[in-house]
Amino acid sequence: DMRAKLVLHTVVAGGFLMAHARCMPFVKEYAGLANRMETEALQARLVTFASLTLVCIVDPPLAVSGLIAVLVVLYNAKFLIHMALQWLSQLALGLAEKRNKK
């Protein structure tokens with residue numbers, strides 16, 4: 001059943017987010033950037049699965065489903081933009097450090 005799989009995925013996503021928040025497994029370099037970005041990725045995953053589960057189980061009207069879909073896409077777009085900006089800033093920082101070493 002598709003609904004049961006979505007509930008399972010949501011529970012697993014929440015479990016991994018809680019485990020990550022408890023353990024913070026990455027190195028503390030760059031003010032814990034890796035841990036923060038992983039937390040954001042797991043939050044985006046949880047929001048996506050929880051929203052899909054909600055829509056599939058509750059079966060709201062089309063307008064509500066559309067609004068939830070738009071909000072999920074915007075949330076994931078925010079995450080992707082933030083990830084890209086962090087990656088670019090780390091790239092620029094690495095290039096600046098290389099230039100200063102020469």
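Asp59 is exposed in this predicted model, with a relative accessible area of 63%. The residue is found in the loop between helices H2 and H3, the latter covering residues 62–101. Its backbone deserves a second look, since Asp59 is not a glycine and yet has a positive phi of about 55°. A second residue of this kind is Met24, where phi is positive at about 45°, again without the residue being a glycine. Met24 has its place in the loop between H1 and H2. With a relative accessible area of 31%, Met24 is partly exposed, whereas Asp59, at 63%, counts as exposed.

These two loops belong to a chain with three helices and zero strands. Read from the N terminus, the order of elements is α-α-α. The radius of gyration of the chain is 18 Å, which is well over the 13 Å given by the globule rule for 102 residues, so the chain is more spread out than a compact globule. Along the principal axes, the C-alpha atoms fill a box of roughly 60 × 30 × 20 Å. Of the 102 residues in the chain, 23% are buried. Contacts can also be sorted by distance along the sequence: among those with a separation of 6 or more, 68% are accounted for by residues 24 or more positions apart.

The packing of the helices can be followed pair by pair, starting at the N-terminal side. Helix H1 spans residues 2–23 and helix H2 spans residues 29–58; the two pack at an angle of about 155°, and their axes are 9 Å apart. Angles over 145 degrees count as roughly antiparallel, and H1 and H2 are therefore roughly antiparallel to each other. Their crossing is left-handed. Sorted by class, the residues in the contact of H1 with H2 comprise 14 nonpolar, eight polar and three charged ones.

The next pair continues the story. H2 and H3 pack at an angle of about 165°, with 10 Å between their axes. This pair is therefore roughly antiparallel as well, and the crossing of H2 and H3 is left-handed. On the H2 side, the residues that meet H3 include Tyr30, Leu33, Met37, Ala41, Ala44, Val47, Leu54 and Val55, along with Glu40, Gln43, Thr48 and Ser51. Their counterparts in H3 include Ile68, Val72, Tyr75, Phe79, Met83 and Leu93, and also Ser65, Asn76, Lys78, His82, Gln86 and Gln90. In the contact of H2 with H3, the residues divide into 14 nonpolar, eight polar and two charged.

Ser51 offers a closer view of this second contact. The residue lies in helix H2 and is one of those that meet H3. Ser51 has a relative accessible area of 15%, and because buried means under 20%, this serine counts as buried. Once neighbours within four places in sequence are left aside, Ser51 is in contact with Ile68 and Val72. Both of these partners appear among the H3 residues that meet H2. Ser51 is thus a handy place to begin when tracing the contact by eye: the serine sits in H2, and its partners Ile68 and Val72 can be picked out in H3.

Key
Residues numbered from 1 in each chain as written. Predicted model: local features only at pLDDT ≥ 70, side-chain atom pairs only at ≥ 80, totals over all residues. Heavy atoms only, no water. Axes fitted to C-alpha atoms, helices over the stretch in contact; angles between N-to-C directions. Helix = DSSP H or I, 4+ residues; strand = E, 2+ residues; numbered from the N terminus. Parallel < 35°, antiparallel > 145°, perpendicular 65-115°, else oblique. Left-handed = near helix turned anticlockwise from the far one by under 90°. Nonpolar A, V, L, I, M, F, W, Y, C, P; charged D, E, K, R; others polar. Rg over C-alpha atoms; globule rule 2.2 N^0.38 Å. Buried < 20%, exposed > 50% of the residue type's maximum accessible area, 1.4 Å probe, protein only. Contact = heavy atoms within 4.5 Å.
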